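Dear colleague,

I am handing over the structure below, and after it you will find what came out of going through it. Please read the notes with the structure open beside them.

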Amino acid sequence: MNTFKAIFQQYDWDSIQSKIYQTTSKDVERSLSKTKRNLNDFLVLISPAAQNYLEQMAQECHEITKKRFGRTIQMYAPLYLSNECQNICTYCGFSLDNKIKRKTLLDSEIKLEVEALKSLGFDHVLLVTGEANYTVNINYFLNAIALIREQFSIISVEVQPLSTEDYERLHDAGVYSVLVYQETYHQEVYKKYHTKGKKSNFDYRLETPDRIGTAGIHKIGLGVLLGLEDWRTDSFFNALHLDYLQKKYWQTKYSVSFPRLRPAEGIIEPNFIMDDKDLTQLICAYRLWNEDLEISISTRENEKFRNNIIPIGVTSMSAGSKTNPGGYVVDQQSLEQFEISDERSAREIAQIITNTGYEPVWKDWDKIYSHKVESYKVLE
């Protein structure tokens, strides 16, 4: 199977970085004058030269998002099932070399966490685990999904890279979307951050979205861990990856997230600092390049930033998040993957969205529609 790796190998990190930093104001004005933009325009719009045009970018970004997605923000919550992990990653609180209490939720505990999330109003859940193939594996995922399937209209997962066959099993079990982050596309730097475990295999992770697309998952979410490398260059490669996927698996929906390094047990300091203005520019660049791309902001970001980004280009937000297994009710003191920044409740966030003139949407997919589609196929 041809994969993104063949495309990726045609590009050189240093050459792309040079091109980004050599971008001029005229290049930016040329890209902004277009009504349809390509990947080269994205490169231009993430350049330092484009920062002087941020207000113009934000205004157009707002109009495009409103036209494509309306005044709606999808609400979701992560449900951390386990902090067991067999990888050593220098930036993660779950890293194998951190001497912490490990916990994997039992069936009864999963049900308690689900009850807590449902009481908050959520109908979209993101299942998250560390990467522990012996304990938190495809059988564990399928069991957890079976336990909660009737409680949520949308189930997304963010777990270790799996085989195409396992992604097909997740699809059949009712998983709507799969998120997988390359962390950084700088292959040499990647090795320094991922020193042990299956995650240290750069190519296997790089080809994961191809396996997800082949399996027919409805939506694929990509992103890089902002702070590991130069965010501009990493983001270009992430956009290159999205561009390839959209062309090859054109029936699939796509989203992008922007995790910035946050404090956690035993992690390193960010190698590259990305401030709020930088992140705003990156969000605008994605939207100006790709009108159909869903854009998600998590509780890693601070209250002020999340409030201000609502009308610009975001389509989904987490709220009231707990990043430790059992964090909602079962074991609130277990170790979290990273500290959240916005600790406001889901209802508070929903009210802020409403006050901004937008509508908080608790789901964007209803099982009734899939039932109708299946019935139609039977009639045919």
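**Around helix α8**

The buried residues of α8 are covered by elements that include α7 (138-148), β4 (154-158), β5 (177-179) and α11 (208-214). Before going further, please bear in mind that this is a predicted model, in which local features need pLDDT of at least 70 and side-chain atom pairs count only at pLDDT 80 or more, whereas totals for chains, interfaces and linings use all residues. Residues are numbered from 1 along each chain as its sequence is written, and side-chain values use heavy atoms, with hydrogens and water left out.

Helices (H or I, at least four residues) and strands (E, at least two) are DSSP runs numbered from the N terminus. Buried is used for under 20% relative accessible area, exposed for over 50%, and partly exposed for what lies in between, with a 1.4 Å probe and protein chains only. On that basis, the buried residues in α8, which spans residues 164-173, are T164, D166, Y167, L170 and A173. An α-helix has 3.6 residues a turn, so residues three or four places apart point the same way. Following α8 comes G174, with a positive phi near 115°.

The neighbouring helix α7 has I138, Y140, F141, L142, A144, I145 and I148 buried, and their cover includes β1 (72-82), α6 (107-119), β3 (124-129), β4 and, in turn, α8.

**The nonpolar cores**

What does L170 touch, once its neighbours within four places in sequence are set aside? With contact taken as heavy atoms within 4.5 Å, L170 meets I138, F141, L142, I145, V157, L162 and V175. L170 also belongs to the largest nonpolar core, a set of 103 residues in which L127, L170, Y185, F258, L282 and Y286 touch the most other members. Apart from that core lies another, of 16 residues, including Y76, Y91, F94 and V128. A nonpolar core here is a set of buried Ala, Val, Leu, Ile, Met, Phe, Trp, Tyr and Cys residues joined through side-chain atoms within 4.5 Å. In soluble globular proteins, nonpolar side chains tend to be buried together.

**The loop between β5 and α9**

Two residues of this loop deserve a look. H186 sits between β5 and α9 (187-193), and it counts as buried because its relative accessibility is 17%. Leaving out residues up to four places away in sequence, H186 touches W13, E229 and D234, while its C-alpha atom is 9.7 Å from that of D14, although the two are 172 residues apart along the chain. E183 is placed in the loop between β5 and α9 as well; its relative accessible area of 7% is why it is buried, and it has a positive phi of about 75° although it is not a glycine.

**Other pairs distant in sequence**

L106, in the loop between β2 (88-89) and α6, is exposed, with a relative accessible area of 53%, and its C-alpha atom is separated by 9.9 Å from that of Y140, 34 residues apart along the chain. K36, in the loop between α3 (25-32) and α4 (39-45), is also exposed, at 73%, and between its C-alpha atom and that of N290, 254 residues apart along the chain, there are 8.9 Å. N40, found in helix α4, counts as partly exposed at 35% relative accessibility, and its C-alpha atom is separated by 9.3 Å from that of W289, with their positions 249 residues apart along the chain.

**The chain as a whole**

The secondary structure comes to 16 helices and 11 strands, and 58% of the 380 residues are buried. A compact globule of 380 residues would have a radius of gyration near 21 Å, so the 20 Å of this chain agrees with that; the radius is taken over C-alpha atoms, and the globule rule is 2.2 Å times the number of residues to the power 0.38. Along the principal axes, the C-alpha atoms fill a box of roughly 60 × 45 × 45 Å. Of the contacts between residues at least 6 apart in sequence, 75% join residues at least 24 apart.

With best regards
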